[in-house]
Amino acid sequence: AAAEATRPLKIAMSTTSDPLTELLGVDSSEFLAADWERHPRHIGSAATSFRAALSLDDMDEVVVRAESDDAAASQTVVLLFKALEQAHGYASAHAAFADGASIVINHVDKAWPPLNDLCARLGERFRYAFANLYFTPHASQTAPPHSDDRDVFVLQMHGAKRWRVWPCDHCDAQLLPFADEQAGKEPRPKLRADELGAPELECTLQPGDALYIPRGAIHVAETAAAEGECSLHVTVAIPTADLCWSGFVAQAATRGCMDSLPFRRALPLGPLSSEGEGLREAFAARWEEMLAVELGDARRVLAQKMDRHRAQQADARRRAEARPRTGADGGLRAGSRLRKAVAVEVIDARDGRLVVQAPDAYAFAPPELHAAAREFGAWAVGREFALGELPARHAFLRACVARILLRLEAVEVLE
């Protein structure tokens with residue numbers, strides 16, 4: 001297990017080339033002129049170089065880190081979704097995924113250093129970038145159609161996912177929305193894909209593919225139905241609703257007005273109708289003064305805000321890199337070695353689950369884990385085994401079995 005925990009937490013990146021060209025194989029000037037804030041774009045894997053940042057074998061460690069107290073202090077949040085609704089009541093994200101729920105980790109860049117590096121690199125081009133992770137079981141869907149208040153780059157890490165993206169000027173969408181204007185999200189009504197008409201772009205992302213979705217474009221994704229294949233992708237978000245002209249101009253005007261005596265004077269008394277005596281002339285005079293406002297303060301406020309975000313990101317990376325990576329805390333991988341510590345009894349429950357009964361505790365195993373639970377139950381106490389020996393669809397489901405057994409103190413992780 002010690003050798004397995006040596007997976008480097010840093011990815012090699014240039015500091016001289018353009019980040020978009022380096023990571024996505026996109027010519028920056030051509031992309032910004034043709035697609036930015038206008039059109040979705042599918043980017044094939046032949047040109048990209050981001051996959052070293054995350055693999056399916058990393059996911060156990062990523063989830064353990066994201067559920068830790070350290071991650072919570074860094075704004076990393078784990079959310080669970082099943083049947084297009086947020087799910088609650090699971091003992092852990094592992095238990096939820098094994099039961100068919102999707103795992104969403106917001107601000108995963110604060111918990112996983114390689115994604116932190118990737119976001120910091122793209123942040124050099126876009127002022128600031130952060131990452132959310134979406135881990136979806138086979139033949140599944142996390143969310144109904146919706147739009148976002150940010151521009152995003154979807155990076156497919158494992159498996160395949162089918163995407164449909166509608167035009168930015170779709171009748172159900174707000175162009176360049178703010179947070180309360182996102183289509184398909186509360187307080188807006190839910191959307192149905194079969195009622196939205198033809199999408200502007202429809203594609204299936206394979207590992208190494210990327211997809212750019214402009215702010216405000218309605219989109220929906222489903223995991224490909226291939227037997228046993230889960231989907232893992234990372235969405236790198238550029239918070240353009242927070243970095244748009246309205247905020248910058250409002251900041252400049254606010255600072256300029258606060259420092260100007262005419263703007264501190266009371267409004268004219270009486271009704272403020274458009275025909276009010278002198279109101280239009282007074283407003284025009286104030287407007288002329290506002291146009292002369294020095295932009296230095298607004299530039300400084302924006303720079304300080306971005307510096308603060310980047311400092312928080314860098315501090316989270318330092319803390320994440322310093323986290324111990326031994327034993328179960330270091331993440332379970334295909335070659336991790338474990339030992340059966342106690343006998344367990346595997347009992348059929350009436351609801352289709354199995355009860356895994358250890359001497360002092362029990363846990364339920366959903367159907368996805370039945371074969372692994374039965375196999376483990378038949379093994380002799382003291383048997384040493386590699387995680388990869390447990391029968392399951394893929395590496396993370398094997399880790400889900402091991403996490404249940406660790407909670408029951410039925411296995412030990414060998415150093």
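In the predicted model, buried residues account for 48% of the 415 residues in the protein. The secondary structure consists of 12 helices and 17 strands. Taken along the principal axes, the box filled by the C-alpha atoms has dimensions of roughly 90 × 45 × 45 Å. Of the contacts with a separation of 6 or more, 81% are formed by residues 24 or more positions apart. The protein exposes about 19,700 Å², and carbon and sulfur atoms supply 53% of this area.

Empty space was examined next. Rolling a probe the size of a water molecule over the atoms shows where such space is left. The largest pocket holds about 930 Å³ of space. Its lining comprises 33 residues, and those nearest the centre of the pocket are Phe81, Tyr134, Ala143, His146 and Lys185. Two or more lining residues come from each of the strands E2, E3, E4 (102-106), E5 (130-136), E6 (151-158), E7, E10 (219-223) and E11 (231-238). By class, 14 residues of this lining are nonpolar, 11 are polar and eight are charged.

The second largest pocket has a volume of about 570 Å³. Among the 22 residues that line the second largest pocket, Arg127, Leu243, Cys244, Trp245 and Leu302 lie nearest its centre. The elements that give two or more residues to this lining are helix H6 (113-126), helix H7 (245-258) and helix H10 (296-322). The lining of the second largest pocket divides into 13 nonpolar, three polar and six charged residues.

Enclosed space is also present, with three cavities of 30 Å³ or more. The volume of the largest cavity is about 100 Å³. The lining of the largest cavity is formed by Arg65, Ser68, Asp70, Ala71, Ser74, Lys110, Ala111, Ala316, Arg319, Ala320 and Arg323. At least two of these residues are supplied by each of helix H4 (69-73) and helix H10. Helix H10 gives the most, with three residues. Four nonpolar, two polar and five charged residues make up the lining of the largest cavity.

Several residues were considered individually, beginning with those of notable backbone geometry. Glu186 and Pro187 are joined by a cis peptide bond, with omega at about 5°. Pro187 belongs to the loop between strand E7 (161-165) and strand E8 (201-205). Positive phi values in residues other than glycine occur at Leu84, where phi is near 65°, and at Glu409, where phi is near 60°. Leu84 is placed in the loop between strand E2 (77-82) and strand E3 (85-86), while Glu409 is found in the loop between helix H12 (395-407) and strand E17 (411-413). Leu84 is classed as partly exposed because its relative accessibility is 34%, which falls between the limits of 20% and 50%. Glu409, by contrast, counts as exposed because its relative accessible area of 60% is over 50%.

Asn132 is located in strand E5. With a relative accessible area of 6%, Asn132 is under the 20% limit and is therefore buried. A polar atom of the Asn132 side chain lies 2.9 Å from the backbone nitrogen of His107. Beyond its neighbours within four places in sequence, Asn132 is in contact with Ile105, Asn106, His107, Val108, Arg150, His233, Val234 and Thr235. His107 thus appears both in this set of contacts and in the polar pair with the Asn132 side chain.

Ala358 occupies a position in the loop between strand E14 (354-357) and strand E15 (362-365). Although placed in a loop, Ala358 counts as buried because its relative accessibility of 4% is under 20%. When neighbours within four places in sequence are left aside, the contacts of Ala358 are Ala343, Val344 and Leu408. Arg323, a residue of the lining of the largest cavity, is separated from Ala358 by 35 residues in sequence and, from C-alpha to C-alpha, by 30 Å in space.

Notes
Residues numbered from 1 in each chain as written. Predicted model: local features only at pLDDT ≥ 70, side-chain atom pairs only at ≥ 80, totals over all residues. Heavy atoms only, no water. Helix = DSSP H or I, 4+ residues; strand = E, 2+ residues; numbered from the N terminus. Buried < 20%, exposed > 50% of the residue type's maximum accessible area, 1.4 Å probe, protein only. 1 Å grid on protein atoms, 1.4 Å probe; cavity = no way out; pocket = protein on both sides within 12 Å on 5 of 7 lines; lining within 4 Å. Points joined across faces, edges and corners; volume = space filled by probe spheres on them. Nonpolar A, V, L, I, M, F, W, Y, C, P; charged D, E, K, R; others polar. Contact = heavy atoms within 4.5 Å. Polar contact = N/O pair within 3.5 Å; in protein donor to acceptor, adjacent residues only side chain to side chain. Areas by Shrake-Rupley, 256 points an atom, 1.4 Å probe, with all protein chains shown as cover.
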